[in-house]
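Grab a pencil and work through these exercises on charged pairs and domain contacts. Try each task before you read its solution.

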There are 2 protein chains.
Amino acid sequence: MRDAVRDATLAELAERGYPGLTVEGVAARSGVHKTTVYRRWGSAVGLIADALDRAAAQPWPVPDTGTLAGDLRALARLVATGYADPVEGPVARAFVLAATQSGDAARALHAFFARRHQQSAALVERAIERGEVPADTDAAEVVRVAVAPLFYRLFITGEPAGEEAADRAAAAACAAARAGALTRPPGAAT
Amino acid sequence: MRDAVRDATLAELAERGYPGLTVEGVAARSGVHKTTVYRRWGSAVGLIADALDRAAAQPWPVPDTGTLAGDLRALARLVATGYADPVEGPVARAFVLAATQSGDAARALHAFFARRHQQSAALVERAIERGEVPADTDAAEVVRVAVAPLFYRLFITGEPAGEEAADRAAAAACAAARAGALTRPPGAAT
């Protein structure tokens, strides 16, 4: 039942976006009774938080191209492609919008990105092993710099956030990491 | 009258945030009659778009510290300090939230940031003149890389976005620019 409700939540978000998500719509689409959905998920925001929990738990294809430049480019393109996708894009935007309006959705979103940063750290660790970047490079910060310009374009400035923007953001993160500008602050945990 | 309404809009946003902004509240605070506010601004979103227009027109203290590293650090700290400010912070957040819910507010927000990028280009042009970065460095892209991690932390990941985060983002942008990773794409306008 939980999977059916989560699938219905994602499908409703893809079709209607965040403002169009209702417990009634998810109940009707999932075949789960409305009162059950209300009792277990509480509201549209509860449905989104649960969908985000599932998204965070899903395996994420961390790129492994053989170079830090290639891996960061692939990672940034995954983000750009996801937001441009006609099905995934509205869902991903809905997650961010929900977080601006609900503490529960915000907590779920933050946990989702913390998990993504942890998973993506692998590509920086490989670059350290290859000697491409200093040993004390901060993996999460490299990932942040590689994807942040895309989110800035998508949610703040409204500028194009396609493949070219992804490649430029990735190249900047790679150059900064190679220059030693993204090492961990003194005293930080590894 | 327009200034009184804009001041009242900013004061209401600072006190109540975006969800609490109403034409009635702005009318009462500004002393302008409610029907006049409705007729000229239409709605809370119209008030926000107008306040953003004014914010974009205001002079913006583009840092001039003598080095690109210093200028970018000062720029990123301006952003971090603004969002942390008890009065400015809620207003700046309200601008971004309003843009997620209204095309008019989104257009005003995008124009605001386009103007900020234009104004901030001066600090990159000075770095080019000093020979710190390649002559074909893309000024707007340097600014994006320097501030995007802060917006990513504030609006997407919910991570700390204070002075340390500002300094790290600025350092990454400076290193990337110096390494020649932020030049204009071939064929792009200057």
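Here are three exercises, each with a worked solution.

Before you start, note that this is a predicted model: local features need pLDDT of at least 70, side-chain atom pairs count only at pLDDT 80 or more, and totals for chains, interfaces and linings use all residues. Residues are numbered from 1 along each chain as its sequence is written, chains are lettered from A and ligands numbered from 1 in the order in which they are written, and side-chain values use heavy atoms, with hydrogens and water left out.

**Exercise 1.** Find out which parts of chain A the salt bridge of A:R29 and A:E12 links.

Step 1: Get the rule straight. A salt bridge is a side-chain nitrogen of Lys or Arg within 4 Å of a carboxyl oxygen of Asp or Glu.

Step 2: Check the pair. The N to O distance between A:R29 and A:E12 is 2.7 Å.

Step 3: Place both residues. A:R29 sits in helix α2 (residues 23-30) and A:E12 in helix α1 (residues 2-16), 17 residues apart. Helices here are DSSP runs (H or I, at least four residues), numbered from the N terminus.

Step 4: Look around. A:E12, A:E15, A:R16 and A:R29 are linked in a network of salt bridges.

**Exercise 2.** Decide whether B:D7 and B:R54 are buried or partly exposed.

Step 1: Take the cut-offs. Buried means under 20% relative accessible area, exposed over 50%, and partly exposed in between (1.4 Å probe, protein chains only).

Step 2: Apply them. B:D7 has 43% relative accessibility, so it counts as partly exposed. B:R54 has 15%, so it counts as buried.

Step 3: Connect the two. Their closest N and O atoms are 2.6 Å apart, in a salt bridge. B:D7 is in helix α1 (residues 2-16) and B:R54 in helix α4 (residues 44-57) of chain B, so the pair ties together parts that are 47 residues apart in sequence.

**Exercise 3.** Describe how domain 1 and domain 2 of chain A meet.

Step 1: Set the bounds. The domain assignment, which is automatic or from a database, gives domain 1 (2-54) and domain 2 (60-178).

Step 2: Count contacts (heavy atoms within 4.5 Å). Ten residues of domain 1 touch 14 residues of domain 2.

Step 3: Get the buried area, the accessible area (1.4 Å probe) that two parts lose on being put together, summed over both. The two domains bury about 1,100 Å² between them, 84% of it on carbon and sulfur atoms. In domain 1, A:A14, A:Y18 and A:L52 lose the most area, together 54% of what that side buries.

Step 4: Look for charge pairs. Across this interface the rule finds zero salt bridges.

Methods:
Helices (H or I, at least four residues) and strands (E, at least two) are DSSP runs, numbered from the N terminus.
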